[in-house]
Amino acid sequence: MSTFFALLRLQLLTRYADLKPKNLKAALRDKRGRTVGMLIAILFLVVYLGVILYILETKALDILTPSPGAPNAVDLRNLVVILAVVLATGGTLVMAFFFIMSALYLGRDATFLAALPIKTRTLLSAKLAQVWLSETLIDAVILLPACVLYGARVGAEPLFYVRMVIVWLLIAILPICIAAVLSAFLIRLSALWKHRELIMTVGGIALFLVYMFVMMNVGSVTGDSAESGAIIQKFFTDNASRISGMTQFFPPAKWAAEGLLEGDWGKLALFAAVSAAAAAVLILVLGIFYRKLSLLQSEAPQASGKKGIQKGSIRVGSAFMANVKREVLTILRVPAYAVNILPITFMPLVMIIMMGMMFNKSAGENGAQSLTQMMGNLNPALIMCIMALAVAYMAGMNPALSTAVTREGKGHDFIKSLPVSAKTLIHAKLAVGCGLETFGVIAAMIAVAVMIPGFTLETVLALILCLLFCFGTACLALSRDVKKPRLDWVTEQEAVKQNFGVLISMLVSWGILAALAGLAFVMIHFLNWGLIPVFAVLAAILAAAAIGAYKLLMKNVKKYYFAG
Amino acid sequence: MIDLQQVTKTYSKSDKKAVDNLTLNVKGGELFGFIGPNGAGKTTTIKMMTGVLTPDEGTITMAGHRMDTERLEAQRMIGFVPDGNDLYDRLTGMEYLNFMADIYQVDQPKRKAHIEKYLDLFSLSDAINNQVRTYSKGMKQKLVVIGALIHNPPVWILDEPLGGLDPRAAHLLKEEMIRHCNEGNTVFFSTHVLEVAEKLCTRIGVIAHGGLKAVGTLEELRSGEVGASLEELFLELTDDGGEEEA
């Protein structure tokens, strides 16, 4: 086996070892419940995403199909495919950036691999191939269903599907090349400064926010609010020029979309040639610097320059606060933690601001009702529920608590050897995780209050519901991590990203939200209850659930945290 | 000071006892060396002594406090230096020491005096405001030692404490261990360096296959075999050792 394939195999085995048939079989034998649960959760997520995509795309195609009675109507069905190409390109750019940072520069195997007799370009190629494989799998979910549904609807020729496969296989290459250049630049820049992790954290978060902003600019419709066909129709007709414009902004996406839709093999060949050339140039040029760059992170950063005991540096505090401080410093100073936890903490705020801006801009352009006017026509109880649901949905994705014990890694035993009660340790984790969530939720609700004035009571009650929800789900997430932490990770990215507990906690919180939304719907729609009764019922249920979740957490702490 | 009574531990999904009916008593003023081949049960024993693992059977008492019923009090009596020191490498040295002092509730004057003394002793003052990840292996080990002893505990439990230390720092730590014992306290340490155990320890325990094969002073271990070195005794007592660390 060539060195390239040996390296690629090593990385794929490391990343996907759990999914090897042999390992799956062993896991089903030794840890049946956990493995079956994992497979069900993955299946659920795939089905969940698949159903949402299917509904959205089918509805979009229905709406965009020209009516037989309207001869002058414009056929906009191809926008669905163009949008899928844009989303796949943009999504790959962001996801590949974090993946490349982790795989190429932040892995702890950098020095080990550097000591082996491997050509730098071979190593770089193998690592990039791993990124390409993973991103292409994700792009399959974004691109293929849209193309297949479109092809079926327009009765596409077989060659359309051949072109679809070509575009799918190539679409990740250019974003990966761009992300590789960006990450190399960031790594080189960060090495110039002693607080290198801060630069990487800020750079990562900035890219995430730019991506969110660009994606929100495409339109203001999310999967959850896309129930109405009218909204989808409005979205596509209003954004037709923007969607097309985005492919103009990035010509290779335009070539891919036009090659795919119009059967223009010349443009498709151009797209393939540019992708291949970019990959070749990247490996050729980055190959010169990669070895040095990959080792930069393992070099000791510059010293602080401050020597000896500084005035005020010795401070007395409680064991609880000592652990809170340690948790906070670790989250802030480890880029993998900061990049995965902090943006999600503030995602509710960012999303609320962006959605509000888009809606008001759209309303201003089209002379439609503003958000405040539209809300004024709704039942106050419904307004409260919508506010709480939107914020809680995003808050439920925060991995701060679902990885709190896992993040201890090899230090877990050392923590257990300290004379601190398990309750204190867990309360410190809970305080940090809930503190972050509370901060994000309050910030989001303040944004809601500013953008939709006149609904103070509804906003305050929604905030209370959100806080109760966050505390309960935080206890459940931490409870699961106390019971089954993953302590054998090698890189911090594995601890916080490749963690099954994060997925489980997210699905559980969404499940709870779905049940509560159903209950709220019954109370508002069928029973015609007002704001206070609906709030009282939801708050009582959430408070009881939060107490139950806290008790479960403490039970698990007692049973598992110090269990030998 | 340290008392283990019939301690047994079997890991889940294993039918082999990692530690089997181990009884050991280490008194105040003793510098006790704990040696054994890889997989003998040293680390498991130390993990149980520090409260990290719970024994299946038996009791462990530290300075009069039982680990099963008074865990926190028992742990406060211990200063523990674990093997391997990849801990909190994003904190600065000073942040780490403050963390440890807060955990053990050391007041301001005492922690200041202790930190100053040991930073000076181990020549670590210049690096104390840098993140731990910038430290060499030896510097990390020094920091862990300072943190573990910050509350001046009566019992020191040190798992391979001299690994990574330069000769000067190793010498200083050995002197500190002897001084601590001379004050009536206890030092329990594991090592693979038999010469260190031979020269430093007042008593030595040899563990193999989870059981204590021999315990006593070097002379008692020799039991009349004049001239037998600790290495020869070790090889004889652990003849069929050599499995992986439990």
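This dialogue walks through a sheet, a helix and an interface of chain B in a predicted model.

User: Let us start with the sheet. What is the strand order in the open sheet of chain B, and which strands are at the edge?

Analyst: Read the order across the sheet, not along the chain. In chain B, six strands form an open sheet in the order 6-7-8-3-9-10. The pairing is mixed. Strand 6 (78–81) and strand 10 (211–216) of chain B are the edge strands, each pairing on one side only. From one strand to the next, the twist averages 15°.

User: How many bridges join strand 9 of chain B to strand 10 of chain B?

Analyst: Five bridges link strand 9 (residues 203–208) to strand 10 in chain B, and the two run antiparallel. To fix the register, take V206(B): its bridge partner in strand 10 of chain B is A214(B).

User: Which strands does helix 9 of chain B lie across?

Analyst: Helix 9 (residues 230–237) of chain B lies across strand 3 (31–35), strand 9 and strand 10 of that chain. Helix 9 of chain B runs at about 30° to strand 9 of chain B.

User: Now helix 4 of chain B. What span should its 14 residues have?

Analyst: Compare the expected span with the distance between the ends. At 1.5 Å a residue, the 14 residues of helix 4 of chain B should span 20 Å. The end C-alpha atoms of this helix are 20 Å apart, so the two agree.

User: Which residues of helix 4 of chain B are buried, and which are exposed on the face turned away?

Analyst: R111(B), I115(B), Y118(B) and L119(B) are buried in helix 4 of chain B. They cover an arc of only 100° around the axis, which puts them on the same side of the helix. The face turned away from that buried side carries P109(B), A113(B), K117(B) and D120(B), which are exposed.

User: What do the buried residues of helix 4 of chain B pack against, and what follows the helix?

Analyst: Those buried residues pack against helix 3 and helix 5 (137–148) of chain B. After helix 4 of chain B comes S123(B), with a positive phi near 50°.

User: Last, the interface. How many residues of chain B are in contact with chain A, and which helices supply them?

Analyst: The size of an interface is often given as the accessible area lost when the parts come together. Here we count contacts: 37 residues of chain B touch 35 residues of chain A. Helix 2 (71–76), helix 3 (93–103) and helix 4 (108–121) of chain B each supply at least two residues of the chain B side. Helix 3 of chain B gives the largest share, six residues. The chain B side divides into 14 nonpolar, eleven polar and twelve charged residues.

Methods: Residues numbered from 1 in each chain as written. Chains lettered and ligands numbered in written order. Predicted model: local features only at pLDDT ≥ 70, side-chain atom pairs only at ≥ 80, totals over all residues. Pairing = 2+ DSSP bridges. Helix = DSSP H or I, 4+ residues; strand = E, 2+ residues; numbered from the N terminus. Axes fitted to C-alpha atoms, helices over the stretch in contact; angles between N-to-C directions. Contact = placed C-beta atoms within 7 Å. Nonpolar A, V, L, I, M, F, W, Y, C, P; charged D, E, K, R; others polar. Expected span 1.5 Å × (residues − 1). Buried ≥ 20, exposed ≤ 12 C-beta atoms within 10 Å, placed from the backbone. Arc of directions from axis to C-beta.
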